[in-house]
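Reader: Hey, I'd like a close look at one part of this model, the strand pairing, and then a walk outwards to whatever else is worth pointing at. Could you take me through it in one go?

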Amino acid sequence: MKKRIAKKDNIARLELDMKTMYQNKYYNLFMRSLEWGGIDAEQQDYIMRQFWSLGCVAAFEIPLIKEIGFAPFAAVNYNMYDFPASCQLINKRGVPFIPSGTLAVGKEVVLGWIQSNHKSIQQIVNHYIDRIVQVEMVINTNLQTHKMPFLVGVSPNDIEKAKDIVNRILNNEVEVFMDAEDLQLVKSFATETPYIIDKLYSYKTSLENELLTYLGIDNAVADDTKDRLIVDQVNANNQMINANRQGMIECVQEFVDLIKEVLGFDITVKAANNNVGSWHESKKEEEIEEVE
């Protein structure tokens, strides 16, 4: 019973470790997806962490020192278009310079979102990670079942002879000669589990590519050996990558524009990477460079 519980704990720990690894992987990719100007490194990190976990953040002017600050918020009431009309800032660290009480949105405070749906990045990333980890666990199970060793049933008198035959086979000898009777000495036990790791890995890759597309990160490579349909699929995926990236940039740009208009602080933001061009355009540029 203790061994069974320990085995379940090991499996649960493996699944948790995988989930944590993928969360860190995509967290790091997202945190470096935008380049900011006009604010310091700690403020940039804080804004991106809020976009990751909550999908939104509030900007306000710090009294007395007249500098910009950022904090999470809770809406107090909404206007007729379902946007917060007033809110309260959440002072998680109990610092004295975060304004308390109800603040008017668009006058005393500015709210920003990373997505048009006002959801967090983490929400959809975790959905994909759950699927990816499930596939990883199936891959692990399939891998373990293919570790089943040779089971050789022989009499005590034939152990050394059988061992010699097995060693010759495992040492990659092309030809192994033996008496016909000796063939009965070596019997391999093979599981009936089909090898599907390659298919599972392909499925996992497709899930990761979908997630990268959602994050606006290039993930597809066209192959000259593929037909035009595959190239067109790559280009269609590139359009989706650019659309997702542009959607996030536009949301954040609205935020920094309002900060300038309402609070008077100049902040800039842009994508860390350029838009992905069509495969035909990229190939044409490469050919021009080669000619030059």
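Author: Sure, let's start at one end of a strand pair. Isoleucine 62 has glutamate 67 in β3 as its bridge partner. Before we go on, keep in mind that this is a predicted model.

Step along and you find the next pairing: glutamate 61 sits opposite isoleucine 68 in β3. These contacts belong to a ladder between strand β2, residues 56-62, and β3, with five bridges and an antiparallel run. The two strands make a hairpin, and four residues lie between them. Have a look at leucine 64 in that turn, since its phi is positive, at about 75°.

Now for the other neighbour of β2. Strand β7, residues 109-113, is also joined to β2 by five bridges, and this pair runs antiparallel too. If you want a spot to click on, try alanine 59, which faces valine 110 in β7.

How buried are the residues of these strands? In β2, six of the seven residues are buried, so the rest of the structure largely encloses this strand. For β3, residues 67-71, the count is four of five buried, so this strand is largely enclosed as well. While you're looking at side chains, one thing to keep in mind is that in a regular strand they alternate between the two faces of the sheet.

There's another sheet to look at. It is open, has three strands in the order β4-β5-β6, and is paired antiparallel. β4 and β6 (103-104) are at its edges with a single partner strand each, so one side of each has no neighbour in the sheet. Between β4 and β5 there are five bridges, running antiparallel, and alanine 75 stands across from cysteine 87 in β5.

The loop between β4 (73-78) and β5 (84-89) holds phenylalanine 83. With a relative accessible area of 40%, phenylalanine 83 is partly exposed. Together with Met80 and Tyr81, Phe83 forms a nonpolar patch on the surface, and the three have about 410 Å² of accessible area together.

On to the charges. How many salt bridges turn up in a search of the whole structure? The search finds eight. One of them pairs the side chains of aspartate 130 and lysine 19, at 3.3 Å from N to O. Aspartate 130 belongs to helix α3 (residues 121-145) and lysine 19 to helix α1 (residues 2-31), so this contact ties together parts 111 residues apart in sequence. Both ends are partly exposed: aspartate 130 has 33% relative accessibility, and lysine 19 has 26%.

Helix α1 has another link through lysine 25, which makes a salt bridge with glutamate 208, the closest N and O atoms being 2.8 Å apart. Glutamate 208 is in helix α5 (residues 197-214) while lysine 25 is in helix α1, so the pair ties together parts that are 183 residues apart in sequence. The two ends sit in different accessibility classes, though: lysine 25 counts as partly exposed at 35% relative accessibility, whereas glutamate 208 counts as buried at 10%.

Then there's aspartate 266, in a salt bridge with lysine 260 where the closest N and O atoms are 3.0 Å apart. Aspartate 266 is exposed at 56% relative accessibility, and lysine 260 is partly exposed at 44%. Back with lysine 25 and glutamate 208, there is a wider arrangement: Lys25, Glu136, Lys204 and Glu208 are joined into one network by salt bridges that share partners.

Last stop is a cluster of like charge. Glu250, Glu254, Asp257 and Glu261 gather on the surface in a negative patch. Of these, glutamate 250 is in helix α6 (residues 228-263), and this residue is classed as partly exposed because its relative accessibility is 44%.

Definitions and conventions
Residues numbered from 1 in each chain as written. Predicted model: local features only at pLDDT ≥ 70, side-chain atom pairs only at ≥ 80, totals over all residues. Heavy atoms only, no water. Patch = residues over 30% accessible without salt bridge, like charges linked within 9 Å, V, L, I, M, F, W, Y side chains within 5 Å. Areas by Shrake-Rupley, 256 points an atom, 1.4 Å probe, with all protein chains shown as cover. Salt bridge = Lys/Arg side-chain N within 4 Å of Asp/Glu carboxyl O. Lys, Arg positive; Asp, Glu negative; His and termini not counted. Charge placed at Lys NZ, Arg CZ, Asp CG, Glu CD. Buried < 20%, exposed > 50% of the residue type's maximum accessible area, 1.4 Å probe, protein only. Pairing = 2+ DSSP bridges.
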